[in-house]
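Thank you for asking me to look over this structure with you. My comments follow as numbered points, and it may help to keep the model open while you read them.

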Amino acid sequence: MKSLIREYDQVSVTKAPKRLHIITFGCQMNEYDSQRMAQMLMGRYSLTPNLEEADLIIVNTCSIREKAEHKLYSLLGRLKRLKRKNPALKLGVAGCVAQQLGDRLFEKAPYVDFVIGPQGLYRLVELLDGLEQGDLHLSDVQLTKEFHIPYIDAPLPRKGDIRAFVTIMQGCDNFCTYCIVPYVRGREISRPADHIIREIESLVEQGVRDITLLGQNVNSYGKGLGHNIDFPSLLERIDNSFPDIRLRFTTSHPKDLSDELIDCFSRLGTLCEHLHLPVQSGSDKILKRMNRHYNSSQYLERVERLRKTCPDITITTDLIVGFPGESQEDYQETLELIKAVRFDQAFAFKYSPRPGTAAAKFTDQVEEDVKSERLTRLLELQNQIGLEQYKRFEGKTCEVLVEKCQDSRLTARTRWNHVVNMEGDSDLVGRLINVYIERACHHSLIGRILH
Ligand code: SAH
Ligand code: SF4
Ligand code: F3S
């Protein structure tokens, strides 16, 4: 999953007297949560792209690697100066670093007014009421097994979006030894299918055509819901109810990728031919120490099965280099696996020890310069393979869904999740068009509209 910063830069539908600015770090689940916060505050606040004129700034944070956490601290330095200029400004920290640090964040940054975790954010309105009544340093970082993701019935803060995310479950029970997510997002909790369907219905009414279902481990969707629904049956229900959308999901854990789910790629017309299947390492020794519950041959067997069922499927992945104990041979096995699978795209990271996780306590940590060198070489290999994979589209015609237009430049997407850039008119946004692929670049394609 790519780390990203996205600023909510459009003014919301409802004009409200006060101005809100949200800055989002981290994964798509954080993006989804930022939208929920903006929706909950609609009517009280309208969104502003301008930090200087905001009455409330919320930073939605990510804690996956140390670098992500550091981004928050450098940003807070900037926000402190704003607060000095405008003492009425309210400043909140949400998301995974908020959950990780809780009230300790006030010690690091006393000018922060509130701290709210991924479950607490649904109580944001009550918390802001408390601040308005003069309370100081409020926090809500409860994580309970009894939590349910509430349904927010409000229009999207960004008008005209063609793509949208829908969180179908929150939290994770897997405890991969490197990962902080189970500690900051809590236990796995699935949303009722009826809520998901209702939310998709409302998104489709607002013009959304491409929907990505989100969860840290979508394959185990349905656990604990008390009625008979699993992930393939949720996909089937969505496919039946919304036959005109493009449907995607992320993330899928290789250990739980069932034949039934693989069959959905050939059975369900809305399900796009792309699977993000994080492998993390090609070494069985390292996979075991990561607590991933599969080995490299099982991963390759799943890939083979996927390609048998859906021959042109795109497979993307996440990789970690320099996990504790990773020898040169282990690393070489990761490179071999990359060559064997031929991913269209891979997000690769240097292992970063995270507080409270099992791997942070392993004594055989890899030197930083070794990690950097391994990452560089891995990216060189993947860039070359990725480009070759993209080149298979050169000279072909693809159907794409147009997502955006800026200065007569259209951005569109194939069903296989490749971004295609081309010249065109803004009235094509939201439409499916046929495009001739002229050239492949790293991570995108250049096309020409066929009339
Ligand atoms: N739920 C997803 C991944 C979520 S985190 C899954 O199970 O695959 C996104 C990616 O961040 C992970 O796939 C992993 O590659 C990377 N990551 C997680 N913790 C990390 C750490 N401590 N250091 C480096 N990369 C990490
Ligand atoms: Fe982290 Fe593993 Fe859960 Fe993914 S499955 S969120 S990597 S603990
Ligand atoms: Fe980051 Fe939290 Fe997502 S740690 S990757 S924002 S679940």
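1. A word on terms comes before the division of the chain: the bounds of a domain, as used here, come from an automatic or database domain assignment. Please also keep in mind that this is a predicted model.

2. With that in mind, the protein chain is divided into four parts, namely domain 1 (5–140), domain 2 (160–272), domain 3 (304–392) and domain 4 (397–449). If you take the C-alpha centres of domain 1 and domain 4, you will find that they lie 34 Å apart.

3. Turning to the enclosed spaces, how many cavities of 30 Å³ or more does the structure hold? There are 3 of them, and the largest cavity has a volume of about 670 Å³. Its lining is made up of 36 residues, of which Ile64, Cys179, Val181, Gln216 and Asp318 are the closest to the centre of the cavity.

4. The lining of this largest cavity can also be described by secondary structure, since the elements that give two or more residues to it are helix H6 (181–185), strand E14 (314–321) and strand E15 (345–350). Helix H6 provides the largest share, with 4 residues. Sorted by class, the lining of the largest cavity consists of 19 nonpolar, 10 polar and 7 charged residues.

5. What takes up the space of the largest cavity? That space is taken by ligand 3, and the residues that surround ligand 3 are Cys27, Asn30, Thr61, Cys62, Ser63, Ile64, Cys96, Arg185 and Gln216. In this shell around ligand 3, 4 residues are nonpolar, 4 are polar and 1 is charged. When you inspect the shell, you may wish to look again at Ile64 and Gln216, which surround ligand 3 together with the other residues just named and which are also among the residues closest to the centre of the largest cavity.

6. The second largest cavity holds about 70 Å³ of space, and the residues that line it are Arg36, Gln39, Tyr151, Ile152, Asp153, Ala154, Leu156, Glu199, Ser202, Leu203 and Gln206. Two elements, helix H1 (28–41) and helix H7 (193–205), give two or more residues to this lining, and the largest share, 3 residues, comes from helix H7. By class, the lining of the second largest cavity contains 5 nonpolar, 3 polar and 3 charged residues.

Methods. Residues are numbered from 1 along each chain as its sequence is written. Chains are lettered from A and ligands numbered from 1 in the order in which they are written. This is a predicted model: local features need pLDDT of at least 70, side-chain atom pairs count only at pLDDT 80 or more; totals for chains, interfaces and linings use all residues. Side-chain values use heavy atoms; hydrogens and water are left out. A residue is near a molecule or strand if one of its heavy atoms lies within 4 Å of it. On a 1 Å grid over the protein atoms alone, a cavity is a set of points where a 1.4 Å probe fits but cannot get out, and a pocket is an open set with protein on both sides within 12 Å along at least five of seven lines; lining residues have an atom within 4 Å of a point. A molecule sits in a cavity or pocket if more than half of its atoms lie within 2 Å of its grid points. Ala, Val, Leu, Ile, Met, Phe, Trp, Tyr, Cys and Pro count as nonpolar, Asp, Glu, Lys and Arg as charged, and the others, Gly among them, as polar. Grid points are joined across faces, edges and corners, and a volume is the space filled by probe spheres set on the points.
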